[in-house]
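The following exercises invite the reader to examine a structure step by step. Each task is followed by a worked solution.

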Amino acid sequence: MIGVLSVAAALSVGHLVAGLVAPTASPFFAVGNGAIDLTPTPLKNFAVRTFGNNDKLVLLLGMALVLAIVALVGGLLSRRSPRPGLTLIVVLGIVGAVAVIARPTFGVVDLVAPAASLVAGVGAFLLLYRLAPRPAAGGARHASRATGGDDRGVSRRGMLVGSAAVAAGAGLAGYGGYVLTGTGNIEAARRRLGSVVPDEPAPPIPAGADFAAVGTPTFITPNSEFYRVDINLQLPQLTPEEWELRIHGMVDREITLNWDDLMAMRSVERTVTQVCVSNELGGPYISTTNYTGVRVRDLLAELGVRDGANQVFTTSVDGWTAGTPTETVLDPENDTLLVYAMNREPLPIEHGFPVRMFVPGLYGYISATKWITDMELTTFEDQTAYWVQEPRNWGRFGPIKTMSRIDSPGSFERVPADQLTLAGVAWAPTVGIERVEVRVDGGAWMPAELATEVNRTTWRMWKLAVPGLQPGLRTAEVRATDRSGYVQTPERVPPIPDGATGWHTIRFNVG
Ligand SMILES: Nc1nc2c(c(=O)[nH]1)N[C@H]1C(S)=C(S)[C@@H](COP(=O)(O)O)O[C@H]1N2
Ligand SMILES: [Mo]
């Protein structure tokens, strides 16, 4: 119990002090982020695949469990001498400090929290250790029992009071840390901005753009349902006032933009579909939104991009990086944006508040930098982005592959024979979807009805009524053809290294 309480005190006090001095440098989160960085890539991919948007919660709970076990063992080893427990707490303190130092945005004040953690852990341990009734040698125990055991009663009461005090203190400090390291004040700053009206609005979504009535997603994904993928245990905290974007490297003129500069520029709204390279065949990491922002092409034209700068290398406030081909960013047909609004609301914190990048037609890991603060014009030889670096080794270029998905019926759903309509989505940003076909039990391909095309950068819904199937277990497959004439390949490859392929296949029950 002394072991567990001391470690709890160390963690919670560290978290509280971090909340007071440097909210994104909490040792607990720093260790968690360090764990993410050190996790072997296959395990990381497994976690994202298995736990989806809960991967971070699972990691934190796992860390808490491991720490509790380590603390328990430390306590048990300290029954004769305090040395093992103290050593353990010091080692944990060092791990916390190293994790904090390893963060790319480390500053010396960040060390205050791990130091406080260490002091609290050692202090709690020594206090409780002194109060603890010690298992005395056999003879003495009998003696004490014989004389009535009053001493033991007193020290046991002291121990109970001490433990309760440490537990309560740890609880309060932990709660305080939770509040202070949370995003409450950033959310307030975000709300103060109010809704966003673009200078150049996107055309309204036409009627018939989705088949939500028969089971496709709605055409526009509500902000709260937009998929989220990033490596952040704790969200970066950046107010619009603090935000700056430095644009430098192979440009004729470097600049640093602030929020007011950005607001003064012409804003355009674009309806786009964003996809994650980790999306498995039939997976959910695809969403569609109206992004409002400033065209990067116009900005770069003013600064003058030098010859040979083939990579736009962007960095977020926490050091994550992406490398996008300059050619794609400058494409006059498809607007790369510095985005600050999503469906006319300020960008949600988890989607990059206050500013992120979006590049049509590319997977997020090489283009969609959230919490963006740095843009360097460079070459692919000189800089390598986070997911492309050893040992992660994802593809250097990430054009989104032409794919399709069956949303209805669901896997093994039972459908009456006379009411069967297959429905789903297909996507090929920025090429556009030409045709979607489905087949049942390996039969002839049947053309599906396509929903109204919104633009070539967004997904396209499809549906097909298939009446008269025999009762029993049936198999349906889907394949899309894009506007370049490319027919989706049946070859199944996993998301690594540059996006999954294959025909999405489901089984369902008729009758
Ligand atoms: N700073 C930062 N930006 C990031 C990431 C990240 O981990 N950190 N993940 C990228 C990936 S892999 C994807 S698919 C998109 C997801 O954006 P979303 O969470 O807003 O959907 O963000 C990209 N931008
Ligand atoms: Mo991604």
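**Exercise 1.** Which residues does Lys370 touch, not counting residues up to four places away in sequence? Determine also whether Lys370 is buried or exposed.

*Solution.* The model is a predicted one.

Step 1. Locate the residue: Lys370 lies in the loop between strand E9 (356-358) and strand E10 (372-378).

Step 2. List the neighbours. Leaving aside residues up to four places away in sequence, Lys370 touches Arg228, Val229, Asp230, Ser316, Glu350, His351, Gly352, Val355 and Arg356.

Step 3. Examine the polar contacts. The side chain of Lys370 reaches the backbone oxygen of Val229 at 3.4 Å. A polar atom of that side chain also lies 3.0 Å from the backbone oxygen of Glu350.

Step 4. Apply the cut-off. Buried means under 20% relative accessible area; Lys370 has a relative accessibility of 9% and therefore counts as buried.

**Exercise 2.** Establish how helices H5 and H6 are oriented to each other, and describe their contact.

*Solution.* Step 1. The axes of H5 (residues 83-102) and H6 (residues 112-131) come within 9 Å and cross at roughly 170°.

Step 2. Angles over 145 degrees count as roughly antiparallel, and H5 and H6 are therefore roughly antiparallel to each other.

Step 3. H5 contributes Gly85, Leu86, Ile89, Val90, Gly93, Gly96, Ala97 and Val100 to the contact, while H6 contributes Pro114, Leu118, Gly121, Val122, Phe125 and Leu126.

Step 4. Classified by type, the residues of this contact comprise 10 nonpolar, 4 polar and no charged.

**Exercise 3.** Describe the backbone at Pro409, Thr430, Asn393 and Asp441.

*Solution.* Step 1. Recall the general background: most residues other than glycine have a negative phi, and most peptide bonds are trans.

Step 2. Consider the peptide bonds. Ser408 and Pro409 are joined by a cis bond with omega about 0°; Pro409 is in the loop between strand E11 (403-408) and strand E12 (414-415). The bond from Pro429 to Thr430 is cis as well, with omega near 0°, and Thr430 is in the loop between strand E13 (421-427) and strand E14 (433-440).

Step 3. Consider phi. Asn393, in the loop between E10 and E11, has a positive phi near 55°. Asp441, in the loop between E14 and strand E15 (446-447), has a positive phi near 50°.

Step 4. Assess accessibility. Asn393 counts as partly exposed at 39% relative accessibility, and Asp441 counts as partly exposed at 42%.

Methods. Residues are numbered from 1 along each chain as its sequence is written. Chains are lettered from A and ligands numbered from 1 in the order in which they are written. This is a predicted model: local features need pLDDT of at least 70, side-chain atom pairs count only at pLDDT 80 or more; totals for chains, interfaces and linings use all residues. Side-chain values use heavy atoms; hydrogens and water are left out. Axes are lines fitted to C-alpha atoms, for helices over the stretch in contact, and angles run from 0 to 180 degrees between N-to-C directions. Helices (H or I, at least four residues) and strands (E, at least two) are DSSP runs, numbered from the N terminus. Angles under 35 degrees count as roughly parallel, over 145 as roughly antiparallel, 65 to 115 as roughly perpendicular and the rest as oblique. Contact means heavy atoms within 4.5 Å. Ala, Val, Leu, Ile, Met, Phe, Trp, Tyr, Cys and Pro count as nonpolar, Asp, Glu, Lys and Arg as charged, and the others, Gly among them, as polar. Buried means under 20% relative accessible area, exposed over 50%, partly exposed in between (1.4 Å probe, protein chains only). A polar contact is a pair of N or O atoms within 3.5 Å; within protein, one must be able to donate a hydrogen and the other to accept it, and residues adjacent in sequence count only if both atoms are side-chain atoms.
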